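Ready for some practice in reading a protein structure? Work through the exercises below, then compare your steps with the solutions.

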Amino acid sequence: MEWVQQLINGISLGSIYALIALGYTMVYGIIKLINFAHGDVFMVGSFIGFYSITVFGLGFFPALIISMTVCALFGVLIERIAYKRLRNATRIAALITAIGVSLLIEYGVIYIRGAQSEAYPDFFKKNFELFGVQIGMQSILILSVSVALMIILQYIVHKTKTGKAMRAVSHDTEAAKLMGINVDNTISATFAIGSALAGAAGVIFGVYYTKIDPLMGVIPGVKAFIAAVLGGIGIIPGAMVGGLLLGVIESAVSAIGFSLWRDAAAFVILILILIFRPSGIFGKNAREKV
Amino acid sequence: MHCMKKSKFASLFLASTILIGVLAGCNSEGGSGDGGDTIKIGINLELSGGVASYGQSEDKAIDLAVEEINDDGGIDGKKIELVKVDNKSDAGEATSGAIKLITKDKVVAIIGAATSGNTVAQVEVAGKNKVPLISPSGTSTTVTVTDKGKLNEFAFRTAFIDPFQGTVAANFAANELKVKNVAIYADNSSDYAKGLAASFKKDFEAAGGKIVAQESYVAKDTDFRSTLTSLKSKNPDFIFIPGYYEEVGLIVKQAREMGITVPLMGADGWDSPDIVDLAGADALNNTYIITAYSSEDPDGKAKAFSDKFNEKYGEAPNSFHALGYDTVYLLKDAIERADSTDGTKIKEALEATDNLDLVTGLYSMDENHHPVKSATIIEFVDGEQVFNTKVNP
């Protein structure tokens, strides 16, 4: 039964990665920018959730919604202030800006509240045993919230007008503009949705792992990026599968007794993917149009 | 590159200050410090700077101890006079402070510093001038024995060394909790935790126990569930977790969520109020830690100290207070037995310390100037630290 337990551990961790990876992949898909500040939006979301719960005494779901809303606005703000004017600049300029924004958010938060960590209050303490496997309410919660958000995302992308616009802009920005799509608003919407998912991941992370601090976004941010590349960057189902897969692989590496190699395993996967299948699991080996 | 430069500069600085100290020591007339009817003791502590809370705690308790001794007639009729320098939590300042205390104030011994690093910075000066140096709370073995295994003859300490805590935990697990199959889950990124894990393993196996699993984590990890799951499958009846409270708090919480109900134990790295927030009071039940001192210790001496301290300062003493207080009595005992204020004679008396009854327990000195002393075991009960037992080595 140990393996079932490990699978549950891995899926719980993986669904947090997947939620963050979705934001990465959406932003990349639409403006070809690797938004390194995305992990820090996740951190900000976690703190907003924390303060909603402890200062305003809200429950889990209201805190989740507040955090998602604030993060959506925050994401749009970042895009409007930092990235918009770089839309026609070189890719490297945008990438460096993203790293700068990331550092600004991290140390801005440290400046405001200090670097000490906080402990999330305990929700959903209940555990139950199923065939000798301990299943925490938290694991179930993480999984159901993540799945629900992913379904909503799929719905938005495939069934709504905004989603259609997003797909169009992602496919060919210039043509989309000619067809009367407001590209700026569409990009803003992408940032808003991606950041809201990161905010949700932040709150879930806090509830599941208890400890949050201003630099907590760095490692999950990098892991989510690896997950996005693993699934095929720019592809939404790829980010989900990549995230879950990465979580399960990390748990498996710990389970067989190599807990110190867990982070290394993620980077090995990144290197292998870049060497053997740069377009990721779901990616098509399309030739660049010249 | 930057690091190398810095260390070169630091060693140059250290060498030059030591040279000055040695020369100044030669010029003085033996530096007896026996200034008529007082005995001068130097205090070189972190009264300001990064780790000021340690130094200030010890300073308070040292004042209390000296006040008591002086009210009681002093040492052989001579009152103790304290000369204090603030090393500002800085190794360079600690060295120059030690030089000043020895050459200008001609103290018979120095108490300090609170941390290992700042004590090591004074060891050379104290040794060259033959002035005993006692650190109340420096736990690194390098305070008294250099990396190359050479004894720093004039350096001593009051606190137990890190590997000793592993021994105490092993004895407690084997003899008090009577557990047989034990797992170790250690922080692999700190020498402190690795040292504890190694000594625990050695002593627990020597006591007839079995280590069924040994796993590691690194500082800043947040996900311990996978490793805990595989530890659980080995069915240990006790888990030893040497590490610091930031990660340990999460480990304890996640372990309890995984249904691991066996006793968990750590050392003084767990000792922070934050651990209760991180792990939750419920999860911490049935966990044990080692400390130097508990104000709830029913032992007469510990209780008397706690009451006196409370009366003077209006707060319960912590282990830094107790160690500072004990250091003064350790030195007093040595000076009395040496019947002299000569540095070498005090040093020899300190080396011969045997079963001295102090607030933090019975104290003896081994050949490496490491204390052999009892440790206090604390149990967490609903988030409160409750005195459990005192373990003798």
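**Exercise 1.** In this predicted model, decide whether B:His369 is buried or exposed.

*Solution.* Start with the relative accessibility of B:His369, which is 1%. Residues under 20% are called buried, so B:His369 counts as buried. Next, find its place: B:His369 lies in the loop between β12 (361-365) and β13 (371-373) of chain B. Finally, look at the backbone: phi of B:His369 is near 65°, a positive value in a residue other than glycine.

**Exercise 2.** Describe the backbone and the surroundings of A:Lys32.

*Solution.* First, phi: A:Lys32 has a value near 55°, which is positive although the residue is not glycine. Then locate A:Lys32 in the loop between α1 (2-31) and α2 of chain A. Its relative accessible area is 38%, so A:Lys32 is partly exposed.

**Exercise 3.** Work out how helices α2 and α3 of chain A pack.

*Solution.* Two packed helices are described by the angle between their axes and the distance between the axes. For α2 (residues 38-54) and α3 (residues 60-83) of chain A, the angle is about 145° and the axes are 9 Å apart. The crossing of α2(A) and α3(A) is right-handed. Now look at the contacts: residues of α2(A), including A:Val41 and A:Ile48, meet residues of α3(A), among them A:Ala63 and A:Phe74.

**Exercise 4.** Which kind of surface patch includes A:Phe131?

*Solution.* A:Phe131 sits in the loop between β2 and β3 (133-136) of chain A. With a relative accessible area of 71%, A:Phe131 is exposed. A:Phe131 belongs to a nonpolar patch, whose members together have about 670 Å² of accessible area.

Key:
Residues numbered from 1 in each chain as written. Chains lettered and ligands numbered in written order. Predicted model: local features only at pLDDT ≥ 70, side-chain atom pairs only at ≥ 80, totals over all residues. Heavy atoms only, no water. Patch = residues over 30% accessible without salt bridge, like charges linked within 9 Å, V, L, I, M, F, W, Y side chains within 5 Å. Areas by Shrake-Rupley, 256 points an atom, 1.4 Å probe, with all protein chains shown as cover. Salt bridge = Lys/Arg side-chain N within 4 Å of Asp/Glu carboxyl O. Helix = DSSP H or I, 4+ residues; strand = E, 2+ residues; numbered from the N terminus. Buried < 20%, exposed > 50% of the residue type's maximum accessible area, 1.4 Å probe, protein only. Axes fitted to C-alpha atoms, helices over the stretch in contact; angles between N-to-C directions. Left-handed = near helix turned anticlockwise from the far one by under 90°. Contact = heavy atoms within 4.5 Å.
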